[in-house]
Amino acid sequence: MIFRILEDQLAEKSRLSKAADQRFMQLALALGRRGQGRTWPNPAVGAVVVKDDVIVGRGWTQPGGRPHAEPEALGRAGEAARGATLYVTLEPCSHLGKSPPCADAVIAAGIARVVSAIEDPNPEVAGKGHARLRAAGIAVDIGLCGAEAAHDHAGHFRRVRDKRPHVILKLAVSADDKIGAAGGQRAAITGDAAKARVHLLRAQCDAILVGISTVQADDPLLTCRLPGMAGRSPVRIVLDRALRLSGASRLVHSARQTPLWVVTSELAEASAATKLGAAGAQVIRVAPTSGSGLDLAAVLHALADRGITRLMVEGGAKVASSFVSADLVDEFWLLRGPQAIGADGIAALDALPLTTITQSPGFSVRASQSFGSDTLIIYGRG
């Protein structure tokens, strides 16, 4: 009987310990998400320092990618970090970059245990951080909330492994799968709440991309217009093979306030590129295709080279269709309004049906949400 009671007590203690680990890692993940869209080229990591079940330090990767989350949390914990547990959403780095290795900071702080959500695929880390911690006598547990961490760090993983950003395609469509009215006229599709969610997504991405036709039709700003979040606007990117972007556009006029990158052909006129550069835009040249577009793989490689990890593709129909056809979409955000536009409206994916993604075996529904009469469904690979 005594042994059964002891076993039950140990089992209950283990259950409570696992529940606490889960709770603190969830907090670390939430903290890391605060940095999404602001930390590139570095991943947006979250960290929590806990001692005797009390949070003594919290941190997340700061704008521009430094300081990293671990030294932020350890600095707030101070001496309380000695003998504590560190929860971190990505393996602490072990190499000397623009800042000292986080693994060394963890060791120097006297942390007794590290709970790490996932290993960093960066070849300069890739298990070396965890190994350094263990060599210093620190207990290391890996894998808690690993799937969530992999999703949160998808941009970092994609850039490391495939030399391109994680691509999020967003489309707002009518009840009959249209994104605009006849003749390229804009149409009200979703309400304010759904639009606010899109602006939040903008703030959580490093960059937002559209084609030149969308710019010419809508003259958009492509900024985050949520109250108090103008500073969270992403880099604006325009695909413009022939450099037709007008100097009178709102994008060019605001290029010195919010970064504007114009991706064009290697054959585009130098004079047009010079004018855009003088207005504050950055012109990036890539190889053209044999048709009328640009090599999207080359475009994504160029963006990754410049540090972009999370890219939001917002239009128009031909650009969206091109990304789908090239199999370069990792997430698909489908917003749907309740009203139909009509047979003469602009199809969401040009000549492709939406079912190319929504019924593809390569994608599955990850989440859904309602905004009054509007709906959002998020599809992800796998």
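These are my notebook entries on helix α6, salt bridges, cysteines, a pocket and the cavities of a predicted model.

**Entry 1: helix α6**

I started with α6, which covers residues 154-162. Which of its residues are buried? I noted Ala154, Gly155, His156, Phe157 and Val160. Next I looked up what lies over them, and the cover includes α5 (146-152), β6 (166-173) and β12 (310-315). Just after the helix comes lysine 163, and I wrote down a positive phi for lysine 163, near 60°.

**Entry 2: a salt bridge inside α6**

I stayed with α6 and looked at its charged side chains. Arginine 158 pairs with aspartate 162 in a salt bridge, with the closest N and O atoms 2.6 Å apart. The two sit four residues apart in the helix, so about one helical turn separates arginine 158 from aspartate 162. Buried or partly exposed, I asked of arginine 158? It is partly exposed, at a relative accessible area of 22%. Aspartate 162 is partly exposed as well, at 34%.

I then followed the pair outward. Arg158 and Asp162 belong to a network of salt bridges that also links Arg164, Asp327, Asp330 and Arg381.

**Entry 3: salt bridges elsewhere**

How many salt bridges are there? My count for the model is 15. I picked out two others to look at.

One of them joins aspartate 104 to arginine 132, and its closest N and O atoms are 2.8 Å apart. Aspartate 104 belongs to helix α3 (residues 102-108) and arginine 132 to helix α4 (residues 128-135), so this bridge ties together parts that lie 28 residues apart in sequence. I checked exposure for both partners. Aspartate 104 has a relative accessible area of 34% and is partly exposed; arginine 132, at 32%, is partly exposed too.

The other is between the side chains of arginine 113 and aspartate 141, at 2.9 Å from N to O. Here the partners come from strands: arginine 113 is in β4 (residues 113-116) and aspartate 141 in β5 (residues 139-142), and the pair links distant parts of the chain, 28 residues apart. Arginine 113 is partly exposed at 21% relative accessibility, and aspartate 141 is partly exposed at 34%.

**Entry 4: cysteines**

I went looking for disulfides and counted zero. Cysteine 102 made me look twice: the nearest cysteine sulfur, in cysteine 93, is 3.6 Å away, yet cysteine 102 is in no disulfide. The cut-off for a disulfide is 2.5 Å between the sulfur atoms. Cysteine 102 is also buried, with a relative accessible area of 2%.

Why is cysteine 205 without a bond? The closest cysteine sulfur is that of cysteine 224, and at 11 Å it is too far for a bond. Cysteine 205 is buried, at 0% relative accessible area.

**Entry 5: the second largest pocket**

I turned to empty space next. The second largest pocket has a volume of about 600 Å³. Its lining has 30 residues, and those closest to the centre are Pro41, Asn42, Pro43, His95 and Asn122. Which helix gives the largest share of the lining? That is α6, back again from my opening entry, with three residues. I also noted α2 (69-77) and α11 (296-305), which, like α6, each supply at least two residues. Sorted by class, the lining comes out as twelve nonpolar, nine polar and nine charged residues.

**Entry 6: the cavities**

I found two cavities of 30 Å³ or more.

The largest has a volume of about 90 Å³. It is lined by 14 residues, and the closest to its centre are Asn42, Pro43, Ala44, Thr309 and Arg310. I had already met Asn42 and Pro43 by the centre of the second largest pocket. By class, this cavity's lining has eight polar, three nonpolar and three charged residues.

The second largest cavity has a volume of about 40 Å³. What lines it? I listed Leu29, Gly32, Arg33, Gln36, Ala44, Thr89, Asp152 and His153. Helix α1 (residues 2-33) gives the largest share, three residues. By class I get four polar, two nonpolar and two charged. Ala44 is in this lining, and I had also noted Ala44 among the residues closest to the centre of the largest cavity.

Methods
Residues numbered from 1 in each chain as written. Predicted model: local features only at pLDDT ≥ 70, side-chain atom pairs only at ≥ 80, totals over all residues. Heavy atoms only, no water. Buried < 20%, exposed > 50% of the residue type's maximum accessible area, 1.4 Å probe, protein only. Contact = heavy atoms within 4.5 Å. Salt bridge = Lys/Arg side-chain N within 4 Å of Asp/Glu carboxyl O. 1 Å grid on protein atoms, 1.4 Å probe; cavity = no way out; pocket = protein on both sides within 12 Å on 5 of 7 lines; lining within 4 Å. Points joined across faces, edges and corners; volume = space filled by probe spheres on them. Nonpolar A, V, L, I, M, F, W, Y, C, P; charged D, E, K, R; others polar.
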